[in-house]
There are 2 protein chains.
Amino acid sequence: MSSRTTESKATLHDVAARAGVSIATVSRALNGLPVSAKSMERVQKAAQEVGYVANLAARALRSERSHTMGLVFFDLHSTMGVELLDALSETIEDAGYSLLVSTARGDTRRFDRLLRRLLERRVDALFCVQARGQSEILARYHAAAIPVVAAITGAGAFSEMPLVSPSIGEAADTLALRLRELGHGVVGLVQRGASSTFLARIGRALAAHDIRVESLGCEDGGNMGELVRGPMARPDAPTALIALSADAQALLAACDARGMRVPDEVSIVGVGTGSGGLAGERVLSHLLVDPHRLGGAVGMAMLSWLAGAAPAKRVAVEIGTWVPRATTGRAPVA
Amino acid sequence: MSSRTTESKATLHDVAARAGVSIATVSRALNGLPVSAKSMERVQKAAQEVGYVANLAARALRSERSHTMGLVFFDLHSTMGVELLDALSETIEDAGYSLLVSTARGDTRRFDRLLRRLLERRVDALFCVQARGQSEILARYHAAAIPVVAAITGAGAFSEMPLVSPSIGEAADTLALRLRELGHGVVGLVQRGASSTFLARIGRALAAHDIRVESLGCEDGGNMGELVRGPMARPDAPTALIALSADAQALLAACDARGMRVPDEVSIVGVGTGSGGLAGERVLSHLLVDPHRLGGAVGMAMLSWLAGAAPAKRVAVEIGTWVPRATTGRAPVA
DNA sequence: CTGTTAGCGCATTCAC
DNA sequence: GTGAATGCGCTAACAG
């Protein structure tokens with residue numbers, strides 16, 4: 001049976017028969033290679049009628065290019081994981097690639113297995129997010145001339161790969177500069193539990209601008225109310241506080257409850273993506289982090305690489321933006 | 001040239017030559033089909049030496065099974081997106097499948113293009129998260145006998161597909177029961193900005209247990225301090241408050257700052273995944289939501305389907321757990 | 001148990 | 001421009 005009208009799987013052969021041309025002409029027409037206008041038209045019509053759907057597996061086998069890229073997370077739950085995925089997938093899909101995604105869930109052995117799998121799938125390129133471990137499979141990728149780029153972070157063997165990582169350096173500098181201009185000489189960095197890279201970077205920017213940094217680490221379970229009653233009540237207390245969004249939020253609530261006016265008595269700055277669904281972020285001054293940019297940059301880096309342009313060993317992508325709002329103002333005069 | 005030692009791409013043929021057996025025997029050995037112990041050993045050794053890496057594109061072409069599944073998000077940023085991805089990928093990878101992931105970013109036309117692409121990739125199965133739209137491509141999947149399941153939500157043409165969705169019904173009932181037992185007759189549901197499905201479900205559970213539900217909707221930017229000073233100061237105020245984690249957190253801070261004792265004067269319950277990095281969650285009573293379970297269930301449903309067991313039209317996966325901690329106690333006597 | 005053989009669907013070379 | 005023919009790497013009959 002060779003003339004099925006809408007059977008599940010039609011091949012180039014079926015389309016060719018229907019269009020009255022050769023299978024080669026169909027292939028050319030469907031791939032944009034030069035064919036006569038007449039052939040083109042008949043092929044497209046036939047393909048439509050027969051319900052032709054290209055078989056990318058066959059195409060990959062023949063052309064030695066899978067038009068597929070692999071994305072492996074050492075741990076999906078890491079910061080910026082989703083955003084990176086979102087932006088990266090958009091970027092490469094628009095270029096005609098599909099993305100095979102997988103997570104090692106923090107397991108090094110699993111990570112290796114995944115890399116192996118992607119090698120079998122003949123991915124055209126590989127992204128590793130926060131990769132670590134001594135993966136000797138990396139050598140296979142090298143041998144097969146499959147480009148590999150590390151994103152966010154790359155340790156062990158992966159530190160040899162081109163790395164595209166996020167940075168909030170510029171925004172942090174801007175923030176420090178503004179706070180300085182507003183007269184803030186002492187700024188508190190409120191940290192809760194695990195320390196944040198972002199806050200650390202901001203701390204350095206502040207110091208570079210001659211602002212004294214006071215680290216206000218809450219104990220686990222400690223709450224913002226204590227902070228406002230304790231350290232902030234001292235005469236030489238910071239005139240501005242910087243904290244991750246959720247904490248800044250709580251801080252604002254605590255100040256409000258204690259009758260401490262913001263920003264008249266103290267300025268508050270949140271740090272984060274602003275996607276937490278916290279309505280208060282519209283009012284909170286923010287160092288806004290947009291991880292989406294990172295994904296785009298990572299994808300672009302790979303596409304240029306495939307186009308022949310070898311990437312830099314280290315690329316920093318600025319993902320921060322300073323967004324002043326109502327919670328920051330001039331420092332109160334002592 | 002047929003004897004390359006570690007050249008980038010060795011084929012079954014190379015391994016066969018090296019092992020001194022036929023290509024078919026190599027295929028069998030590598031796929032776990034019955035071969036003599038001696039053959040098995042020689043093949044494995046040869047494969048190792050030659051650096052053989054299976055070509056899944058060829059395998060797929062020949063066997064008509066790609067061992068690949070597609071996962072399409074209507075919008076990746078939706079609730080539980082990552083968790084679902086994480087758990088789903090683990091489940092199906094352990095079964096030997098790889099996952100092609102993509103996002104429509106809320107664009108219906110893009111969504112259709114993605115489905116088309118996955119059809120070309122000959123995925124063995126398809127997952128659609130929060131799919132909507134009239135996608136007539138769905139018919140192609142049906143015609144090709146490719147199983148499709150909707151996750152979380154499915155509208156339009158996708159409402160015809162088997163749906164696996166999350167539920168916190170049992171946990172909500174448990175919560176309501178406990179609050180009742182503790183003597184809470186009036187409970188406040190604190191909602192900020194967009195309304196939460198979870199809170200709505202909890203509200204119904206409370207009502208079903210004869211608890212009066214008071215909806216305390218904060219305006220955008222309104223903060224918890226006002227809530228504590230206002231509605232909560234009334235004589236017939238709720239004796240317990242339920243809010244999404246971040247809000248509950250702020251609520252706790254506000255109460256603390258206003259000298260309102262928890263849980264003596266008011267009980268507080270957070271609702272959420274507990275993955276926000278908010279240290280206070282260790283102390284806050286929670287209706288813990290674990291979207292991870294959803295992904296596992298979705299993957300399992302598909303695997304059983306492929307194994308022959310048609311899935312139910314609608315499957316609800318309980319993802320809630322009641323975790324009592326220090327912020328809930330007996331209702332104060334008036 | 002093993003080897004031989006025949007395609008899977010497609011891109012591409014080489015004649016015309 | 002077009003068609004016939006070749007083979008990408010592999011699995012699945014089919015004989016031995």
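How many nonpolar, polar and charged residues make up the surface near DNA strand D? Nine nonpolar, eight polar and six charged residues do. Here Ala, Val, Leu, Ile, Met, Phe, Trp, Tyr, Cys and Pro count as nonpolar, Asp, Glu, Lys and Arg as charged, and the others, Gly among them, as polar. A residue is near a strand if one of its heavy atoms lies within 4 Å of it.

Before you start clicking, a word on what is loaded. This is a predicted model, in which local features need pLDDT of at least 70 and side-chain atom pairs count only at pLDDT 80 or more, while totals for chains, interfaces and linings use all residues. Residues are numbered from 1 along each chain as its sequence is written, chains are lettered from A and ligands numbered from 1 in the order in which they are written, and side-chain values use heavy atoms, with hydrogens and water left out.

**Stop 1: DNA strand D**

Select DNA strand D and the 23 residues around it. Thr25(A), Leu12(B), Tyr52(B), Arg59(B) and Arg62(B) come nearest. Of the strand D atoms that come within 4 Å of the protein, 62% are accounted for by sugar and phosphate.

Now color the helices. Helix H2 (23-30) and helix H4 (56-63) of chain A, along with helix H2 (23-30) and helix H4 (56-63) of chain B, each supply at least two residues of this surface. Helices (H or I, at least four residues) and strands (E, at least two) are DSSP runs, numbered from the N terminus.

Next, show the polar contacts to the phosphates. A polar contact is a pair of N or O atoms within 3.5 Å; within protein, one must be able to donate a hydrogen and the other to accept it, and residues adjacent in sequence count only if both atoms are side-chain atoms. Pick these in turn:

- Ser22(A): a backbone N or O atom is 2.9 Å from a phosphate oxygen of DNA strand D.
- Ser36(A): a polar side-chain atom is 2.7 Å from a phosphate oxygen of DNA strand D.
- Asn55(B): a backbone N or O atom is 3.3 Å from a phosphate oxygen of DNA strand D.

**Stop 2: DNA strand C**

Switch the selection to DNA strand C, which 23 residues surround. The closest are Tyr52(A), Arg59(A), Arg62(A), Thr25(B) and Arg28(B). Sugar or phosphate supplies 56% of the strand C atoms within 4 Å of the protein, and bases supply the rest.

Which helices each supply at least two residues of the surface near DNA strand C? H2 and H4 of chain A do, together with H2 and H4 of chain B. By class, the surface near DNA strand C divides into nine nonpolar, eight polar and six charged residues.

Three contacts deserve a click:

- Asn55(A): a polar backbone atom is 3.3 Å from a phosphate oxygen of DNA strand C.
- Ser39(B): a side-chain N or O atom is 2.5 Å from a phosphate oxygen of DNA strand C.
- Arg62(B): a side-chain N or O atom is 2.6 Å from a base nitrogen of DNA strand C.

**Stop 3: H4(A) against H4(B)**

Hide the DNA and keep the two H4 helices. H4(A) and H4(B) pack at an angle of about 135 degrees, with their axes 8 Å apart. Axes are lines fitted to C-alpha atoms, for helices over the stretch in contact, and angles run from 0 to 180 degrees between N-to-C directions. That angle makes H4(A) oblique to H4(B); angles under 35 degrees count as roughly parallel, over 145 as roughly antiparallel, 65 to 115 as roughly perpendicular and the rest as oblique.

**Stop 4: Ser89(A) and Ala194(A)**

Is Ser89(A) buried or exposed? Go to helix H5 (residues 81-93) of chain A, where Ser89(A) sits. Ser89(A) has 1% relative accessibility, so it counts as buried. Buried means under 20% relative accessible area, exposed over 50%, partly exposed in between (1.4 Å probe, protein chains only). A polar atom of the Ser89(A) side chain lies 3.3 Å from the backbone oxygen of Asp86(A).

Then pick Ala194(A), in the loop between strand E6 (186-192) and helix H9 (197-208) of chain A. Ala194(A) counts as exposed because its relative accessibility is 69%.

**Stop 5: backbone details**

Zoom in on the peptide bond joining Val262(A) and Pro263(A): it is cis, with omega about 5 degrees. Pro263(A) is in the loop between helix H11 (245-257) and strand E9 (267-272) of chain A. In chain B, the bond from Val262(B) to Pro263(B) is cis, with omega near 5 degrees.

Finish at Arg105(B), in the loop between strand E2 (98-103) and helix H6 (108-120) of chain B. Phi of Arg105(B) is near 55 degrees, a positive value in a residue other than glycine.
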